[in-house]
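This briefing is written for a reader who is beginning to study protein structure. Please look over the sequence and the model below before reading the points that follow.

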Amino acid sequence: MPAHSLPARPVDLFETEPARVWLLSDTRREPHRHVMGLFNWEKTPATVEVDLARAGLPAAEAWAAFDFWGNVFLPPARGTLTLTLPPKSCRIVALRPLADRPQVLSTSRHITQGIVELKEEAWDAATSTLRGRSTVVGGDAYELRIVGALPGDAEIWEVGKASVSEADAAAGVTVASRGANGLSRVTIASPAGREGAWSIRFRRAARDASARPAEPANVRPGAQLSSEE
């Protein structure tokens, strides 16, 4: 598992012992990425509520959130992030401010969800295309979790065709996409480890209140901490 070489900060260091909330922020390049770890050290369930502004995150109307261990999109966080954790467990949540365009919220390769392997991400407004470059592991399907839900409630960005570069396609790299209600998953599979380029077309559409979100194929349980006394 590659190291991210960044400091994680205990948000509630002087409030709880040991700290239950840790924040990792990567501001070295655009877009900035934020990952929050919430821990329940107790033998009973616990609800952890985090004031995002007090935690040091920039002001935003709403934050898109993805639970890495649960492998699921969470409802947008507005001001606070509140999650209930089972006994002796943790949840690792990627956070990005909702914007008027699709953006990569999370990836499947690493718990930092894009910090170590997502080398580039850019939005082309003229063609409604999200482009990027990622370092993938051979034989390990790699998933981009993309939020195209807008700050309002009426419209979303609907995922369309996803593709990889000609060189990647010639090397046997494949790509597939699925999504609903502005929550999309794009899966890239490569027979060998490589850094590859991908692009995803979107179109703006009305929100379908009856549509289900892009559900994960396999939901993993929350990470369990040591059960030792």
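The side chains of Asp-26 and Arg-28 are joined by a salt bridge, with 2.8 Å from N to O. The model is a predicted one, and it contains 13 salt bridges. The points below treat some of these salt bridges, then two antiparallel sheets, and lastly one buried serine.

**Salt bridges**

- In the bridge between Asp-26 and Arg-28, Asp-26 has a relative accessible area of 3%. Asp-26 therefore counts as buried, since the limit for that class is under 20%.
- A further salt bridge connects Arg-33 with Glu-121, whose closest N and O atoms lie 2.5 Å apart. This pair links distant parts of the chain, as Arg-33 belongs to strand S3 (residues 33-40) and Glu-121 to strand S10, 88 residues apart.
- Both Arg-33 and Glu-121 are buried.
- Arg-133 and Glu-195 also form a salt bridge, and here the closest N and O atoms are 3.1 Å apart. Distant parts of the chain are again linked: Arg-133 is in strand S11 and Glu-195 is in strand S16, 62 residues apart.
- Arg-133 is partly exposed, at a relative accessible area of 29%. Glu-195 is likewise partly exposed, at 39%.
- Arg-33, Arg-96 and Glu-121 are joined into one network by salt bridges that share partners.

**The sheet containing S10, S11, S16 and S13**

- Strands of a sheet pair through backbone hydrogen bonds, in either a parallel or an antiparallel manner.
- Four strands make up this open sheet, in the order S10-S11-S16-S13, and their pairing is antiparallel.
- Strand S10 (118-124) and strand S13 (155-164) each have a single partner strand, so they stand at the edges and one side of each is left without a neighbour in the sheet.
- On average, neighbouring strands of this sheet are turned by 25 degrees against each other, direction ignored.
- Strand S11 (residues 129-136) and strand S16 (residues 194-206) run antiparallel and are joined by eight bridges. Within this pairing, Gly-132 stands opposite Trp-198 in S16.
- The salt bridge of Arg-133 and Glu-195 links these two strands, for Arg-133 is in S11 and Glu-195 is in S16.

**The sheet containing S9, S12, S15 and S14**

- Another open sheet is formed by four strands in the order S9-S12-S15-S14, with antiparallel pairing.
- Which strands stand at the edges? They are strand S9 (103-107) and strand S14 (174-180); each has a single partner strand, so one side of each has no neighbour in the sheet.
- From one strand to the next, the twist of this sheet averages 25 degrees.
- Seven bridges pair S14 with strand S15 (residues 183-189) in the antiparallel sense. Ala-176 stands opposite Thr-187 in S15.

**Ser-106 in an edge strand**

- Ser-106 is located in strand S9, which is an edge strand of its sheet.
- Is Ser-106 buried or exposed? Its relative accessibility is 0%, so Ser-106 counts as buried.
- The side chain of Ser-106 is joined to that of Gln-113 by a polar contact of 2.6 Å.
- Apart from neighbours within four places in sequence, Ser-106 is in contact with Phe-66, Ala-94, Gln-113, Glu-143, Leu-144 and Arg-145. Gln-113 thus appears both in this list and as the partner in the polar contact.

Conventions: Residues numbered from 1 in each chain as written. Predicted model: local features only at pLDDT ≥ 70, side-chain atom pairs only at ≥ 80, totals over all residues. Heavy atoms only, no water. Pairing = 2+ DSSP bridges. Axes fitted to C-alpha atoms, helices over the stretch in contact; angles between N-to-C directions. Buried < 20%, exposed > 50% of the residue type's maximum accessible area, 1.4 Å probe, protein only. Polar contact = N/O pair within 3.5 Å; in protein donor to acceptor, adjacent residues only side chain to side chain. Contact = heavy atoms within 4.5 Å. Salt bridge = Lys/Arg side-chain N within 4 Å of Asp/Glu carboxyl O.
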